[in-house]
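Good morning, colleagues. Please take a moment with the sequence and the structure before I begin.

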Amino acid sequence: MLARARGREWLPLQPSKGVLEAIRISCLGYPTRRTFEEFVDRFSVLRPEVLGLCYDEVTATNMVLEKVNLTGYQIGKTKVFLRAGQMAELDARRTEVLSYSASKIQRKVRSFLARRNFIQLRMSSVQLQAMCRGQIARHYYEDLRRKAASLKIQTYYRMHFARKNYKALYSASTTIQSGLRGMAARNEFHFRQQTKAAVIIQSCCRSDLASSRYMGLKKAAITTQCAWRGRVARRELRKLKMAAKESGALQAAKNKLEKQVEELTWRLQLEKRMRTDMEEAKTQENKKLQQQLQELQFQSKETKDILRREQENTKTALEKAALVPEIQIDTTHVDKLTAENENLKTLVISLETKIEETEQKFEEMKKAREELLKKATDAESKINGLTNTMLSFQEKLTNMEAENQLLRQQALLHSRLKTISENTSPKSNSTNGSPHYEEQMTPHGTPRAPKDYGNFAHPRASFSERQHDTVDALINCVTENIGFSEGKPVAAITIYKCLVHWKIFETEKTSVFDRLIQIFGSAMQNHDSNEDLAYWLSNSSTLLIILQKSLKAVGSTGTTPHKRPQNQSSFLGRMVFRSSNITVDMDLVRQIEAKYPAFLFKQQLAAFVEGLYGMIRDNVKKELSALLLHAIQVPRIIKASMVRGRSFGSSSLRGRSFSNQGSYWLAIVDNLNELLNILRENCVPAIFIRKIFTQIFSFINAQLFNSLLVRHECCSFSNGEYVKQGLAQLEVWCGEVKPEYAGSALHELRHIRQAVGFLVIFKKFRISYDEIVNDLCPVLSVQQLYKICTQYWDDKYNTESVSEEVLDEMRTLMTEESGHNASEGAFLLDDEISMPISLEEIADSMDVKEFQNVAPPSELVAMSAFQFLKS
């Protein structure tokens, strides 16, 4: 330890490097020395952008000295060293800048005082003019009031004179009319007394004759009815036994068909997978073959070019050799060239053969692919046919079960009637009355016995076929575009009326909903045509509105329809019940107690409405996205005219340059008009049109505002004027369109409108942060405002951005909020994708009574099964 301490004590002292450097600089002759902070604080006036941007002190001093063009200075670690006289030169430049700014401030103050005096003079003159005009108007009003009073007095006098004459005529006419009417009434009273006495006498005679005839007919009818009912009951019992056997066979056939359908679906899935694998392999092979073909074609072109050049060279050499006979021709070189030409010819022939082979392979692959596609389509058609047959068999089974229930109930009814007729005598039947017993039984749901038993067996066998024919006719009619009536879609209302008339909503199992869903699903495949999508959106939304108004769950509160028979559960049973003299109420407002398939159909219909709505909106967005990329930035010709001094809003530019170069905004307006015409022609509900346009305008706002924040070249004064002019066209379009279609679409452009309005302000450096946030841009966030202020540049008037104080305040607020929103790009706007409409809003948007006067399609009205659509 002592040795180490002693060693440290004996080390020689060495001067530091900073002291040596200071000594060397003082020797060189730098009498003036300032720290960087003092230098920047004093001479930053010479270059103000040093304070506005985030530069450190060393770079700031370098920039100030470069601005003054000083030479011979030195930059140290903490100070700047100047030679003799350079400090005085800097102070002289500083005093010049300060004197210039002072004169500029004085000029502005004098202009402000002159303007204030002018405004005061103008206000006083306006007040004097207002007082004079008010005195003149009061005199004029007094004259008008006197004229009106005189006219009123004249009208009342004339009215009094006319009323007096009218009362005299009225009293005379009433006395004459009362006398004539009394005489006519007395004559009519005498005539009625005579006719009443005659009618009483005739009625008594006819009642005696009719009662005697009725008693005889009643006795004969009761005897014949008893015999006939027994015979019909025995016949129905035999048919019930045969139907039970047929239902068992149909159940077995149904099970077999279900198994076949499962096997076919499994095979179809395998074929689909194999087809997709084959298509992928074919596409890869096609790509490889196309690449090889292109390479071979390129090689053949190169070889042909080389061969052509060689032939030309040989021709020129031979011509030269023929012209100069004294020179001996080198045959070896010619032989080499001919040999190379032959080799190139053989190579071209081989390349052509390879190209032909590849083309043949490509055609063979195409043919094989077409054959596989045909097989797949045939398999799909077979499977669809089998599924349809299975559904038809299922409906037949349900119809047979309903028929069996009806026949059993009828057999029980016949047995009861037979026992009653055997136990009672004809006298007791006439007094108590078997018709009275039938009147008590009919309200329970059974059809009246005497009229329908004779011809009941024949229609029952063909009723399921008739049902399928009516459903097929409805489906075939609805798949086509059958147009509109009274501004409402005919297809949707026809479907609803048919479903209500057939009582499909109350069934627990049916295939009609699946077939209707297939129609809407096939309509969604053509997603590029807005006309077709708008037509099916109108039909599906209208049908959804009616279903939302009319359907209700079983057991829920509300207006209930009249009581229906409980034994009519199936579709065929209801058709049999309707074949009697019972009519269906076609009022669209009444509610229906629906089962689960109906509510499932409503959910699927709502999903289809949302899908069609999204497709139309996405198609318009695709068309507008390409236009919005150019609509945010001024075209070059317009920008050149702005630099030469012409304003964008001038009439000359609006007449020439904007019509040629600013057609992007006109194209946007044309697309909006085209979409509105399509939606109105297809009678789409107004709530969907409003929501579509609000989302489209929100998309325009997001695209323009995000590109303004992300692209530095767009955040300029001239671009702000250009975009402001385009937004004015959109505002004019919203004013021309009805409010029921536009809605609050213009409100969605608030971000880009406020940002563009801020860009076109001239004196931004005079605006405080509170004025920006509260008055100019209340919607924009601090990050968005800071991004716009830092990226702003002016290529037209050379205006400055906001002051450094405002930027510092924005930075402090951003650092405080950085803990909450730390992700990058948080200042960008998002686009709404979902459909912002609920079922309640859709149902409340329209009144169902508007659909009652819609004319049905003529194709269906011509058929006898659809005569109920006329009512």
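**Surface patch, aromatic pairs and salt bridges**

I begin with Val109, whose place is in helix H6, a helix that covers residues 86-323. Please keep in mind throughout that this is a predicted model. Val109 has a relative accessibility of 44%, and therefore counts as partly exposed. On the surface, Val109 joins Ile105, Phe112 and Leu113 in a nonpolar patch. Together, these four residues offer about 380 Å² of accessible area.

Helix H6 also takes part in a salt bridge, so let me turn to charged side chains. As a general point, side chains of opposite charge can pair when their charged atoms come close. How many salt bridges does a search of the whole structure find? The search finds eleven.

One of these salt bridges joins Arg42 and Asp91, with 3.2 Å between the closest N and O atoms. This pair links distant parts of the chain, for Arg42 sits in helix H3 (residues 36-43) and Asp91 in helix H6, 49 residues apart. Both ends have some access to the surface: Arg42 counts as partly exposed because its relative accessibility is 36%, and Asp91 counts as partly exposed at 23%.

A second example is the salt bridge in which the side chains of Asp618 and Arg617 meet, at 3.5 Å from N to O. Are these two residues buried or partly exposed? Asp618 is partly exposed, with a relative accessibility of 34%, whereas Arg617 is buried, with a relative accessible area of 4%. The cut-off that matters here is 20%, under which a residue is called buried.

A third salt bridge brings together the side chains of Arg753 and Glu731, at 3.6 Å from N to O. Arg753 lies in helix H25 (residues 750-759) and Glu731 in helix H23, so this salt bridge ties together parts that are 22 residues apart in sequence. Arg753 is partly exposed, at a relative accessible area of 35%, and Glu731 is partly exposed as well, at 36%. Elsewhere, Glu142, Arg145 and Arg146 are joined into one network by salt bridges that share partners.

I now come to the aromatic side chains. The structure holds twelve aromatic pairs. In one of them, Phe513 and Phe601 are stacked, with 4.8 Å from centre to centre and 15° between the planes. Where in the chain do these two residues lie? Phe513 belongs to helix H14 (residues 512-523) and Phe601 to helix H17 (residues 596-631), so that the pair links distant parts of the chain, 88 residues apart. Phe513 and Phe601 are both buried.

The rings of Phe693 and Trp733 make a further pair, and this one is tilted because the planes stand at 55°, with the centres 5.2 Å apart. Here too distant parts of the chain are linked: Phe693 is in helix H22 (residues 686-710) and Trp733 is in helix H23 (residues 717-736), 40 residues apart. Phe693 is buried, with a relative accessible area of 1%, and Trp733 counts as buried at 2% relative accessibility.

Finally, I return to Phe513 and Phe601. These two residues form one aromatic cluster with Tyr496 and Phe505.

Thank you for your attention.

Methods
Residues numbered from 1 in each chain as written. Predicted model: local features only at pLDDT ≥ 70, side-chain atom pairs only at ≥ 80, totals over all residues. Heavy atoms only, no water. Patch = residues over 30% accessible without salt bridge, like charges linked within 9 Å, V, L, I, M, F, W, Y side chains within 5 Å. Areas by Shrake-Rupley, 256 points an atom, 1.4 Å probe, with all protein chains shown as cover. Helix = DSSP H or I, 4+ residues; strand = E, 2+ residues; numbered from the N terminus. Buried < 20%, exposed > 50% of the residue type's maximum accessible area, 1.4 Å probe, protein only. Phe/Tyr/Trp six-rings, centres within 6.5 Å; stacked < 30°, edge-to-face > 60°.
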